[in-house]
Amino acid sequence: MIRYGTDGICRARPPGGLVAARFRHYEARSGMPLLHDHLLLSVKGQRLDGTWGSIHTTALHENTVAASALYKELVAAEVCEELGLATEPRTVTPGRRPVMEIAGVPHELIRWTARRSNQIATCLAELEHEYVTAVDDIGEPKFLPVVSKRARAKLERIAARKTRPPKKEKARSLAQLRADWKQSAILTSGVAASVIHYLLEHARAAAAAIRARVAAVVDVALAAADVAATVFVMNEGGRFHRRHLLAEARRHLTLVQRGRRRELGLDDQVVAAAISAHCLDISEPKTVSGLEAGYRLYTAR
């Protein structure tokens, strides 16, 4: 949204979108394969009359989770459609929702790339121990004996910073990276060399089995019920905004589509159905922004 008028009280969508520079990286700081993009966004956008104004940065930050869900969904679909692959849900952390991974890739090979995750997990365990055993000057516990979700999220950020390796001084070409990864995987991952040499063929065979078994059919009504229920449970007090429904709708579609491209606007259809059938508007608008659709507050019926 572009803000304009006194104190930015008026807002409009930039008709031409946002101005950005994208930098694609193929590896993590640890040197392990990690395809990802860095996106540098301009804080200026073009208004309807052609003039330029500031992006409403608060709204941008509020929608990062929904944007992240869309990015992951689109990247998975592009990779799967181009290479004839499919995705499947895998449990990474017990007690948490599964993540979508490329089907047919051995778990040991995925864990081989997760050196950074293992370092963060080890550091996090140490930080949590310090948290629950910390005492004040008179020997009383500083914090609760159980780490809350909010505290854990802060500790996870601290652990990520503490274990973050420095950037490498010299960049390697993608061809060199692939050769080095292949050699390292054969020597240290525990996966048979034959599987690594023919990994794409293994993944395509797994994808064919999934696509023969799982139809790419989205029942909007059922998806809406699932999305509304999940968002209600996962948000404190059972109160949420449209952006929370949108993020969850995209996660749901990623699970159902299994790497296939979906119909444009299907996520918005699911959100609209969830709001109309399963949500109760409990907004108490006290400001202009409170009247906007994106800021209306909902709970489940």
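The exercises below, each with a worked solution, concern a predicted model of a protein.

**Exercise 1. Describe the overall make-up of the protein: how many helices and strands are there, and what percentage of the residues is buried?**

Solution. Begin with the secondary structure, where the protein has 11 helices and 11 strands. Next take the extent of the C-alpha trace, which spans about 65 × 60 × 40 Å along its principal axes. Then turn to burial, where 31% of the 301 residues count as buried. Finally, consider the contacts with a separation of 6 or more, of which 58% are accounted for by residues 24 or more positions apart.

**Exercise 2. Work out whether H10 and H11 are parallel or oblique to each other, and which residues meet.**

Solution. Two packed helices are described by the angle between their axes and the distance between the axes. For helix H10 (residues 242–257) and helix H11 (residues 266–278), the angle is about 125 degrees and the axes lie 9 Å apart. Angles of 65 to 115 degrees count as roughly perpendicular and those over 145 as roughly antiparallel, and H10 and H11 are therefore oblique to each other. The crossing in which H10 passes H11 is right-handed. On the H10 side the contact is made by Arg242, Leu245, Leu246, Ala249, Arg250 and Leu253, which meet Leu266, Asp267, Asp268, Val270, Val271 and Ile275 of H11. Sorted by class, the residues of this contact comprise 8 nonpolar and 4 charged, with no polar ones.

**Exercise 3. Treat H2 and H10 in the same manner: at roughly what angle do their axes cross, and what is the handedness of the crossing?**

Solution. Helix H2 (residues 64–83) and H10 have axes that come within 8 Å and cross at roughly 15 degrees. Since angles under 35 degrees count as roughly parallel, H2 and H10 are therefore roughly parallel to each other. H2 passes H10 in a left-handed crossing. Residues of H2 in the contact include Ala66, Leu70 and Glu73, while those of H10 include Leu246, Arg250 and Leu253. The contact of H2 with H10 holds 8 nonpolar, 1 polar and 4 charged residues.

**Exercise 4. Is Arg258 buried or exposed, and where does Arg258 lie?**

Solution. First locate Arg258, which is found in the loop between H10 and H11. Its relative accessibility is 15%, so Arg258 counts as buried, the cut-off being under 20%. Then examine the backbone, where phi of Arg258 is near 55 degrees, a positive value in a residue other than glycine. Most residues other than glycine have a negative phi.

**Exercise 5. Establish the strand order of the open sheet that contains S9, and decide which strands stand at the edges.**

Solution. The sheet has 3 strands in the order S9-S11-S10, with antiparallel pairing. Strand S9 (239–240) and strand S10 (279–281) each have a single partner strand and stand at the edges, so one side of each is left without a neighbour in the sheet. S9 pairs with strand S11 (residues 298–300) over 2 bridges, and Arg239 stands opposite Thr299 in S11.

**Exercise 6. Over how many bridges do S3 and S4 pair, and what phi does Gly31 take in their hairpin?**

Solution. Strand S3 (residues 20–27) and strand S4 (residues 33–41) pair in the antiparallel sense over 7 bridges. Arg24 has Asp37 in S4 as its bridge partner. The hairpin has 5 residues between the strands, and Gly31 takes a positive phi near 95 degrees there.

Notes:
Residues numbered from 1 in each chain as written. Predicted model: local features only at pLDDT ≥ 70, side-chain atom pairs only at ≥ 80, totals over all residues. Heavy atoms only, no water. Axes fitted to C-alpha atoms, helices over the stretch in contact; angles between N-to-C directions. Helix = DSSP H or I, 4+ residues; strand = E, 2+ residues; numbered from the N terminus. Left-handed = near helix turned anticlockwise from the far one by under 90°. Contact = heavy atoms within 4.5 Å. Nonpolar A, V, L, I, M, F, W, Y, C, P; charged D, E, K, R; others polar. Pairing = 2+ DSSP bridges. Buried < 20%, exposed > 50% of the residue type's maximum accessible area, 1.4 Å probe, protein only.
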